[in-house]
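Open the model in your viewer and set it to cartoon view. Keep the sequence panel beside it. We will go one selection at a time.

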Amino acid sequence: LADPRTYRCSATRILHSNSPRAYDLSMSLNCPRCEHELKVVRVGGIDVDACQGGCGGIWFDLFELEKMDEPDESAGWLLENMRVDISLDIDTSKPIGCPRCHGVKLMRQRYTHDQHIMIDKCQVCGGVWLDFGELFEIRSTNSTSAGTTHHATAAHILRGLPSHGAG
């Protein structure tokens, strides 16, 4: 676990455990998977950083993911318009660094205790990296647990391909 007092977090000050977290949110970020520049996308009043035209991953700053993880919450743009370069060879099991906190590795962990979905979370700034399709999986799992079943896969929905086997 990283000691937050030893890392500079793309901001104006060194983080101390008892100081407010301040980030330069205007600073451009690079994708931790493919190094593509992340594009700021406003979805439901929230600015998230998407790897548009690269690997299709999404960076959520602290508490942003919680505002989009349920099926009834706004995330339509991210699910319908993400452009992914399918020629990229992405290894999602490889550890990655936080796009905000230089020198900090993201921790691989379960999204919730009862789900199989693994996310990458920064233990310093609290941000979360979702690889391509993971937002769809989280929302689908939350929808399924609420009684609604989705039959299409994340790849079919996000790439706009027809879903085979949906009933």
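Select β1 and β2. Together they form a hairpin, with two residues between the strands. Click on Gly44 in the turn: its phi is positive, at about 55°. Bear in mind that this is a predicted model.

**Along the hairpin**

Colour residues 39-43, which make up β1. How many bridges join β1 to β2? There are five, and the two strands run antiparallel. Now show side chains for two of the facing pairs. Lys39 stands opposite Ala50 in β2. Val41 has Val48 of β2 as its bridge partner. In a regular strand, side chains alternate between the two faces of the sheet.

**Into β2**

Next, select residues 46-50, the whole of β2. Why is β2 largely enclosed by the rest of the structure? Four of its five residues are buried, so the surroundings largely enclose the strand. Turn on the surface to look at this. For the protein chain overall, 41% of the 167 residues count as buried.

**Across to β3**

Now add residues 58-60, which form β3. Two bridges link β3 with β2, and this pair is antiparallel. Pick Asp49 and look across to β3: Trp59 stands opposite.

**The whole sheet**

Select every strand. What is the order of the strands in the sheet? Read across, it goes β1-β2-β3-β6-β5-β4. The sheet is open, has six strands and pairs antiparallel. Its edge strands are β1 and β4 (107-110), and each of them pairs on one side only. Neighbouring strands are turned against each other by 35° on average, direction ignored. Rotate the view to follow that turn.

**Zoom out**

Show the full chain and colour by secondary structure. You should find three helices and six strands. Trace the chain from the N terminus: the elements run β-β-β-α-β-β-β-α-α. Compare that with the order across the sheet, where β3 sits beside β6.

Now display contacts between residues at least 6 apart in sequence. Of these, 51% join residues at least 24 apart.

Finish on the outside. Switch the surface on for the entire protein chain. About 9,100 Å² is exposed, and carbon and sulfur atoms supply 50% of it.

Definitions and conventions
Residues numbered from 1 in each chain as written. Predicted model: local features only at pLDDT ≥ 70, side-chain atom pairs only at ≥ 80, totals over all residues. Heavy atoms only, no water. Buried < 20%, exposed > 50% of the residue type's maximum accessible area, 1.4 Å probe, protein only. Contact = heavy atoms within 4.5 Å. Areas by Shrake-Rupley, 256 points an atom, 1.4 Å probe, with all protein chains shown as cover. Pairing = 2+ DSSP bridges. Axes fitted to C-alpha atoms, helices over the stretch in contact; angles between N-to-C directions.
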